Every structure is written in C-alpha cells, then in structure tokens.
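Let's take a walk through a protein model together. Have a look at the sequence and the 3D picture, then read on.

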Amino acid sequence: MSEQSGAQAMQFGIMSVSDITRDPTTGVTPSEQERIKATLAIARHSEEVGLDVFAIGEHHNPPFWSSSPTTFLAALAAQTERLIVSTSTTLITTNDPVRIAEEYAMLQHVSDGRMDLMLGRGNTGPVYPWFGQDIRQGLPLAIENYALLHKLWREDVVDWEGKFRTPLQGFTSTPRPLDGVAPFVWHGSIRTPEIAEQAAYYGDGFFANNIFWPKEHYQRLIELYRQRYAHYGHGTPEQAIVGLGGQVFMSAKSQDAVNQFRPYFDNAPVYGHGPSMEDFTEMTPLTVGSPQQVIDRYAAMREHYGDYQRQLFLIDHAGLPLKTVLEQLDILGSEVVPVLRKELAKDRPVAVPDAPTHAARVKAEFGDGPTRQARPGANRGDNLTGDSPYQDSPAPAGAAFGLSRKEA
C-alpha cells in the first residue's frame, strides 16, 4: 500500500484560482511562466509551514493559467513529501469523464495516493461551447458525467450509453485506481442544491466554497447535504464530509493588514469595484486583520456549519506578489493553523469522521489484508470477446464453457 500522512480530524490548506493579475501597487503583471513558477513555490511552502492540502483550479482562458491541473499537480507531488494535491475545481461538465478517470488515476499513482479532487461546473460560461457543450445542460452534464466517472473507477470493464458522449462497449480505464480504491471526490458548489444532493447520493464530500455569499446561504446548502447523506444510508448527518473555502489577509496589526490589502481588494477582477472591503468582510468569510481575528472568525465556523473536515484558504490572488503570499503562509502556518487545529478539536464528537486520506480509505476497504495490485492479462485490449483484462478479476459468466464476454 502507498504511504500517506496520518489521520487528522481537520485538513488545512490553500486553494488557488491561478489568476494572473496586475499588481495595482507596482503596475507589474507577471508572465505566465513567472506565475506558474510562483504558484509551485507557494504550494511547496504550504507543506513547509505545516499545511496539509494544495488545490488548483481549472480554467481555459486568460487571465488564468491552469488549463491542465493534473500536469501541475504531478509536478508538485514530485516536489513534496506529505502534501495532498487537489483541485478547486475540475470541470465535470466539459471534460470527458473517461479522461478524468484516466488522468486522476494516474495522478493517484504518481503521488502515492496523496491526492483527491473537487468536481464542479466552474464559473466561466464560454467554456461550454469551447468544448462542444451547451451551458443550458450544465446540471444534466454534471449528473451524467459523474455517474460514468464513478463507474469507470469501480468496474474493470464498462458498458455505457448516455446522452452526452458516444457509447462505451467493453471499455477499461487505465491505470486502475491505486490499491483498488478510487480517488476521494469532493463536489464543489457556490449556490446549487442539486450538487449537494449529488454528493449526498454517492456518499462523497461536499465542499461549500463560501467566499462570496453570506453564511446563511451556505448553512442551507450544507444542511441539505447532511440530511440527504443520512437519507441515502451513508451515516448520520454529523458524519457527512464537509469542506469550506475562505479568504484571509493578515498582519500583526490589523490596520496594517487593511491598508496593505485594500488596493488589491479594490482592483481584484473577482470582487473589485463592487462592495467596499468593509462590507464584503462583514458579509463573507474574507477576514483582513490580525492573526487572532482570523482565528476567532474561523474557529466559529463549526458553530454555523457543524464539525467539518477541510478548510482551504485563498491567499494568492488579485496580483499579490510572491513575497507577500509567502509571508501570509508563514503567519498561517506558525500562528493561525496550529491554534485552529486545537480549537476545532475541542469537544469534537467521536463519531465525526477524520478528514479523508487514501490510507484511511484503503484501511476501510481491506483492513490489514493485501490491497489490490492490478496486473493486466494478455488480452491485448480485447474486452468484448476476451476474458477479463486483469489477472485478479473473475472471468465472465460462461467462460468455463468457452463463451466470450459478449456471448455470456
């Protein structure tokens, strides 16, 4: 079995949207190469300061660079030892689920299980026609594509027919999931109850990216997910797996943080030229101030949403220079996250599950026994008329009588 960091009640990390934004204080816009290298440095430093996760978004248009998340995350996994590499998000609507199955299983292998992924529909409307899809079919695409992805990771040979892609007959997605356990999936959403329902149906994680709207909106989404998780028989509502987004900017003196961050907030492509920073910090989890103010704000999250498993922070956007982001990471790792780990562990019910890891999921599947090590047979890709493509898989019904899979 692959190696993985030990069990943790909570995982803390960074999520990046990969924007390439002009620094409003200097007028300098980094090149794509500079921003990609800077993001790798930020991700590596996340591990160095004791964080657990680094997640990258997926975009296919300027001013973003992360069009190939698995390429970036594979490089990051090779440069780290403990960090879980993830996405925020992978586009389930416009990516072929066959390619998602293959690429993320490959990432699972090269990272030795230090990965998971967050699926979502994204927030860039034009991406749909760029990849041959209709934005009006966004939710049906998300539902159908994930149904196929889920199946591809759990069945060695798949027959499939749906509405949005060509049928599959006798298809095997390779490589098979590491140790015989599919990557853990989070379903990310800002506003859509159907995505919360989807996460609950499969017993997957639900990530509420609560960086734009008031807490009451996300309370309703998370409560729906928890209740439906229990409805589908995966456990109690309190045992559902929840992740949250967040945004912070810190300095030892809160007014220094406000003064330093204001030009970046005011000119940010996402929320600049809209509400004032003071109004936005009141309405959303964005916290600009001292480390203690961040601790107080985020330690209170479970009062709003219940005990949860993952907290990701957005800190590298809006044109902030690399030096500043690394300083923010130093504060997070030394002053904020250690305290949050202790605060969020206090009075945490025993029944609330730890944050998901590959090692824990392998243990749940196989106990102390051997894991699956997929070894292909010599069928040369013929899954329609041959036996199972893997040596440890049972032959199809009727094989003992000379019948092919198709005939059986």
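Where is Ala318 found? Ala318 lies in the loop between strand S13 (310-313) and H12. Before we go further, this is a predicted model, in which local features need pLDDT of at least 70 and side-chain atom pairs count only at pLDDT 80 or more, while totals for chains, interfaces and linings use all residues. Residues are numbered from 1 along each chain as its sequence is written, and side-chain values use heavy atoms, with hydrogens and water left out. Helices (H or I, at least four residues) and strands (E, at least two) are DSSP runs, numbered from the N terminus.

**Odd spots in the backbone**

Most residues other than glycine have a negative phi, and most peptide bonds are trans. Here are some spots to look up in the picture.

| Spot | Value | Place |
|---|---|---|
| Ala318 | positive phi of about 65° | loop between strand S13 (310-313) and H12 |
| Asp347 | phi near 60° | loop between H12 and helix H13 (358-366) |
| Ser88 to Thr89 | cis, omega near 15° | Thr89: loop between strand S3 (84-87) and strand S4 (90-91) |
| Thr174 and Pro175 | cis, omega about -5° | Pro175: loop between strand S7 (168-171) and S8 |

Is Ala318 buried or exposed? Ala318 counts as buried, because its relative accessibility is 3%. Asp347, on the other hand, has 74% and so counts as exposed. The cut-offs are under 20% relative accessible area for buried and over 50% for exposed, with partly exposed in between (1.4 Å probe, protein chains only).

**A covered strand**

Now find strand S8, residues 185-189. Five of its five residues are buried. On one side you'll see Val185, His187 and Ser189, on the other Trp186 and Gly188, and both faces are covered.

Which strands pair with S8? Strand S5 (residues 117-120) pairs with S8 in the parallel sense over three bridges, and Leu119 stands opposite His187. Two strands pair if DSSP finds at least two bridges between them. Strand S9 (residues 205-208) also runs parallel to S8, joined by four bridges, and here Ser189 is opposite Ala208. To get from S8 to S9, the chain goes through helix H6 (residues 193-202), and this β-α-β crossover is right-handed. That word applies if, with the strands pointing away from the viewer, the path from the first strand over the helix to the second runs clockwise.

**Rings and a buried arginine**

Trp186 brings us to the aromatic rings. A search of the whole structure finds twelve aromatic pairs. In one of them, the rings of Phe184 and Trp186 have centres 5.3 Å apart and planes at 80°, so the pair is edge-to-face. Rings of Phe, Tyr and Trp (its six-membered ring) pair if their centres lie within 6.5 Å; planes under 30 degrees apart count as stacked, over 60 as edge-to-face and the rest as tilted. Phe184 is buried at 10% relative accessible area, and Trp186 is buried at 1%. Elsewhere, Tyr146, Tyr201, Tyr202 and Tyr232 make up one aromatic cluster.

Trp186 also touches Arg310, which sits in strand S13. Arg310 is buried too, with a relative accessible area of 1%. Not counting residues up to four places away in sequence, its contacts (heavy atoms within 4.5 Å) include Met10, Asp116 and Val242.

**Two helices to finish**

Helix H1 (residues 32-48) has 17 residues and reaches 24 Å from its first C-alpha to its last, close to the 24 Å expected at 1.5 Å a residue. The expected span is 1.5 Å times one less than the number of residues. Among the buried residues of H1 are Arg35, Leu40, Ile42 and His45. The buried residues pack against strand S1 (11-16), strand S2 (53-56), helix H2 (69-78) and helix H12 (322-345). Just after H1, Gly50 takes a positive phi of about 100°.

In helix H5 (residues 138-154), look for Glu144. Glu144 is buried, with a relative accessible area of 15%. Leaving aside neighbours within four places in sequence, Glu144 is in contact with Trp160, Gly162, Lys163, Phe164 and Arg165. A polar atom of the Glu144 side chain lies 2.9 Å from the backbone nitrogen of Lys163.

Conventions
A polar contact is a pair of N or O atoms within 3.5 Å; within protein, one must be able to donate a hydrogen and the other to accept it, and residues adjacent in sequence count only if both atoms are side-chain atoms.
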